Every structure is written in structure tokens, then in C-alpha cells.
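Student: Could we go through the pockets and the ligand site here? Short answers, please.

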Amino acid sequence: MIEVNQLNHSFFIGKKNKRQEVPVLKQINLTIDEGEIVSVVGRSGSGKSTLLNLLSGYIKPTSGEVSIKGEEVTHFSEAQWADFRAAHLGFIFQSFQLIPSMTAYQNVELPLVMNGMAEKERQQAVEAMFQRVNLHGYEAHYPSELSGGQQQRVSVARALIMNPPIILADEPTGSLDMETEQELLTFIKQLNQEENITFVIITHDEVVASIADRTIHLEDGHIVNGEEEASHEV
Ligand code: ADP
Ligand code: MG
């Protein structure tokens with residue numbers, strides 16, 4: 001499903017004549033199979049978000065390759081990435097990343113609008129999604145009029161609305177209390193089991209790691225728990 005080969009990434013900081021290389025990810029090899037829930041743990045600054053941004057094309061690696069669903073995505077243009085993300089990837093973030101000037105309904109509808117779906121179809125899909133994430137009745141609320149747990153459910157609805165086979169989540173429970181965290185984890189597990197959605201979940205949290213089939217530990221830019229490409233056959 002996701003195949004990472006010899007991935008290296010450095011950031012460059014400082015002025016042009018004093019540019020300094022900061023290596024963040026080093027020789028990352030990783031295979032994630034369809035239907036897996038993989039958690040990524042590691043202390044702050046260990047490169048977790050950078051890895052997710054590389055998997056979603058928001059940054060390009062210094063070297064190495066990423067394939068997703070059999071497609072070599074590393075050299076995609078911005079436009080190719082936009083199409084690929086729309087078709088294959090859903091995103092959930094700690095800070096929800098909802099658009100504050102749009103209602104919950106409009107936030108969930110937005111990917112469908114961008115994808116050119118007709119209004120009637122959109123309405124059906126969005127209404128069904130609000131039922132599914134248990135937010136029926138909150139469609140007209142703005143993000144600021146919702147609790148953290150509700151906002152996260154809106155963002156999950158937005159992530160799911162295009163039926164992505166893969167969901168990438170960066171600290172999805174980081175802003176939630178224990179009860180809403182447990183609800184979200186139960187829902188993730190259900191989506192995984194019933195729809196075979198593959199999840200890659202960055203977390204600090206052992207409770208989150210505990211729902212994963214596998215946990216990847218990042219330390220100093222390396223995967224340290226023996227996750228080698230040799231341990232998987234494609
Ligand atoms: P994590 O998500 O594990 O906390 P990140 O992937 O966000 O870690 O960051 C890893 C390292 O890369 C950190 O040292 C961070 O300061 C650095 N870094 C992240 N993004 C940038 C950037 N855009 N420019 C320069 N350095 C960055
Ligand atoms: Mg991070």
C-alpha cells in the first residue's frame with residue numbers, strides 16, 4: 001500500500017551563504033500493507049510530521065522514493081499530487097484544520113465541491129456522512145460553535161467524504177479529552193475493520209499506539225525497531 005525506499009530528508013536553514021543542512025530523516029525503509037493500522041511514535045522533533053508530509057507530497061524528499069498504491073509518487077507535480085490526494089488520501093490533524101468561516105456542512109462538502117460533484121449528489125453524501133459520524137443536527141454550526149470532539153468528528157467526516165483507502169493522521173487525539181479520544185479510536189478501529197481503510201497515525205499517546213497493528217519508533221531520524229524492507233515482501 002505504502003512503500004518507502006531509502007528515504008532521506010534534510011531541511012536547510014540560515015542564509016544563502018551560511019546555509020546549514022539539518023538532516024531529519026535518514027535512510028528510511030518502510031512497507032505498510034493494505035488494511036494495517038500503523039502508529040508512528042518518537043519524541044518531539046524526531047521527524048514524525050516530516051515523514052507524514054513526505055507521504056502526502058507536501059514536501060519532496062532530499063533523496064529516496066515513495067510509492068503509494070503501486071504508483072511512484074516521489075516525482076509528482078503539484079497538480080498530480082492534488083489529484084492523487086483527492087483519490088487516495090484522507091487527513092486528520094491535531095488542530096482539526098477546519099475552515100472557520102465555513103459551517104460544519106460546508107467543511108465536509110468542500111472536497112466534493114473541489115472534485116466537481118453535482119450539488120444533489122453532494123447533499124446526499126454529506127447528509128449521510130453527518131449521520132455516520134454522529135453529528136446530525138450540527139450541520140449549520142461553525143467550528144467555533146462546536147466542542148473539540150465535535151470538531152474532530154467534522155474533520156474525520158471531511159477525511160472520509162471522498163472514500164480514501166488511506167488515512168494519515170498527525171496526533172489526531174492530541175487535543176481531545178480521554179472520552180472523546182476513546183470514541184475516535186473506536187471509530188478508527190471500526191473503519192479499519194469494516195472498510196479496510198489503512199491508517200498511519202502519529203502519536204505521543206500509548207493508548208493510540210495500542211489500537212495499532214504495529215508501531216514504528218523514530219529516533220534521531222532512523223526507524224529503530226527493526227523495521228527493515230527485508231522483513232516484508234511486496
Ligand atoms: P515531530 O513531528 O516528530 O515532532 P518534525 O517532523 O515536525 O518532528 O520535525 C523534525 C525536525 O525537523 C525538527 O528538528 C524540526 O525543527 C525540523 N523541521 C521541521 N520542519 C522544518 C522546516 N520547514 N524547516 C526547517 N526545519 C524543520
Ligand atoms: Mg509533529
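Student: Which element gives the most to the lining of the second largest pocket?
Tutor: This is a predicted model. The pocket's lining includes R132, N134, Q152, T180, E183 and F187. Two elements give two or more residues to this lining: helix 5 and helix 6 (178-195). The top contributor, with 4 residues, is helix 6.

Student: How do the residues of that lining divide into nonpolar, polar and charged?
Tutor: The second largest pocket has a volume of about 200 Å³. Among its lining residues are V133, G149, R153 and L184. The lining divides into 4 nonpolar, 4 polar and 3 charged.

Student: Which residues are the closest to the centre of the largest pocket?
Tutor: The largest pocket has a volume of about 540 Å³. Its lining holds 12 nonpolar, 3 polar and 3 charged residues. Helix 2 (78-88), strand 6 (89-93), helix 3 (104-114) and helix 5 (148-160) each supply at least two of them. Of the 18 lining residues, the closest to the centre are A86, L89, F91, P111 and M114.

Student: How far is a polar side-chain atom of K48 from an oxygen atom of ligand 1?
Tutor: K48 is one of the residues around ligand 1, as are G47 and S49. A polar backbone atom of G47 lies 3.0 Å from a ligand oxygen. For the polar side-chain atom of K48, the distance to an oxygen of ligand 1 is 2.9 Å.

Student: Which element gives the most to the shell around ligand 1?
Tutor: Strand 1 (2-13) and helix 1 (48-55) each give two or more residues to the shell. The most, 3 residues, come from helix 1.

Conventions:
Residues numbered from 1 in each chain as written. Chains lettered and ligands numbered in written order. Predicted model: local features only at pLDDT ≥ 70, side-chain atom pairs only at ≥ 80, totals over all residues. Heavy atoms only, no water. Near = heavy atom within 4 Å. Polar contact = N/O pair within 3.5 Å; in protein donor to acceptor, adjacent residues only side chain to side chain. 1 Å grid on protein atoms, 1.4 Å probe; cavity = no way out; pocket = protein on both sides within 12 Å on 5 of 7 lines; lining within 4 Å. Points joined across faces, edges and corners; volume = space filled by probe spheres on them. Nonpolar A, V, L, I, M, F, W, Y, C, P; charged D, E, K, R; others polar.
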